[in-house]
Amino acid sequence: MMHAAVRQPAVAGVFYPGTETDLNQLVDQLLVQSTEPVSLPRHPCAFVVPHAGLVYSGPIAALVYRQIERWMPLAGWRQVVLLGPNHRVPLSGFAGVAETNWHTPLGDVAIDLDLERSLQARFDLPVRQDAHQLEHCLEVQLPFLQKVAPDARVLPLLVGHTPVETVSALIAELWQREDVLVLVSSDLSHFHPWEEARQLDAQTTRQILNLESVIEPEQACGCQALNGLLLAARKAELELHCLGQNTSGDTAGDKARVVGYGAYVCY
């Protein structure tokens, strides 16, 4: 159920453990077992992170959150804007939020409604609680953020069918604020055999690293936000680097029908 002040989790106990103890243990384990963060030549300003069940995509997601953990003291991020796709409700444009907090088994995450109102002055950013109510792609990021950026305020925004220039402009606006980190939530290919998925995702990664803002939905479910990031990065003369890539067939799933995951950093 949705409440006026607090959004209750939609996928606790499904995409991630539904109890505080088990969720703590899993997220800690994913972060501890993740490889040491690679060195970056300069300050990162955005990441792309997958959003499946944590037993499937958690090891790749952890690569992003280890980087965030490393950079938090240096970057001084106080706000994290989450941009992800709508899986449940048809959506054109953006979908904002109304709650002051989003809840997980680890506690409440403060929502930055002041930042949302500031963006609404420049962008068509309606509140769409119906779009967020059952959506998982942003919710599954929160337990990681509660570990590595516990004091940050979060703004979850869904991105439906939207002109790439509009998404790019919103991201560029966020980058004018030095204390804002942008996280784009997206998986890669869906439901191909393992070897075919690896080939498809390798091609998608090449396009991402080349800043080609023409990614299609069958390549990445979060392509609307991802293409906006790639266009914004190209205009700002930034780079993207792949932190890691695998599939559900490499983690907790079989290899007959897999989902691809990739972690990328923009700097």
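**View 1. The crossing of helices H6 and H8 is right-handed.** In this predicted model, the axes of helix H6, residues 164–175, and helix H8, residues 223–235, approach within 7 Å and cross at roughly 60 degrees. H6 and H8 are therefore oblique to each other, since an oblique pair is one whose angle falls outside the ranges under 35, over 145 and 65 to 115 degrees.

**View 2. Residues of H6 meet residues of H8.** On the H6 side, the contact is made by Val164, Glu165, Val167, Ser168, Ile171 and Trp175. Their counterparts in H8 are Gln224, Ala225, Asn227, Gly228, Leu229, Leu231, Ala232, Ala233 and Lys235. By class, the residues of this contact of H6 with H8 comprise nine nonpolar, four polar and two charged.

**View 3. Helix H1 passes helix H2 in a right-handed crossing.** H1 spans residues 20–33 and H2 spans residues 54–75; their axes come within 8 Å and cross at roughly 60 degrees. That angle makes H1 oblique to H2.

**View 4. Residues of H1 meet residues of H2.** From H1, the participants are Leu23, Leu26, Val27, Leu30, Leu31 and Val32. From H2, they are Leu54, Gly58, Pro59, Ala62, Tyr65 and Arg66. The residues of the contact of H1 with H2 divide by class into 10 nonpolar, one polar and one charged.

**View 5. Three strands form an open sheet of mixed pairing.** The strand order is E1-E5-E6. The edges are occupied by strand E1, residues 6–7, and strand E6, residues 107–110. Each edge strand has a single partner strand, so one side of each is left without a neighbour in the sheet.

**View 6. Strands E1 and E5 pair in the parallel sense.** Two bridges join E1 to E5, the latter covering residues 101–104. For Val6, the bridge partner in E5 is Asn101.

**View 7. The setting of the close-up views is a protein with eight helices and 11 strands.** The radius of gyration of the protein is 17 Å, close to the 18 Å that the globule rule gives for 267 residues, so the protein is as compact as a globular protein of that length. Taken along the principal axes, the box filled by the C-alpha atoms is roughly 45 × 45 × 40 Å.

Technical notes:
Residues numbered from 1 in each chain as written. Predicted model: local features only at pLDDT ≥ 70, side-chain atom pairs only at ≥ 80, totals over all residues. Heavy atoms only, no water. Axes fitted to C-alpha atoms, helices over the stretch in contact; angles between N-to-C directions. Helix = DSSP H or I, 4+ residues; strand = E, 2+ residues; numbered from the N terminus. Left-handed = near helix turned anticlockwise from the far one by under 90°. Contact = heavy atoms within 4.5 Å. Nonpolar A, V, L, I, M, F, W, Y, C, P; charged D, E, K, R; others polar. Pairing = 2+ DSSP bridges. Rg over C-alpha atoms; globule rule 2.2 N^0.38 Å.
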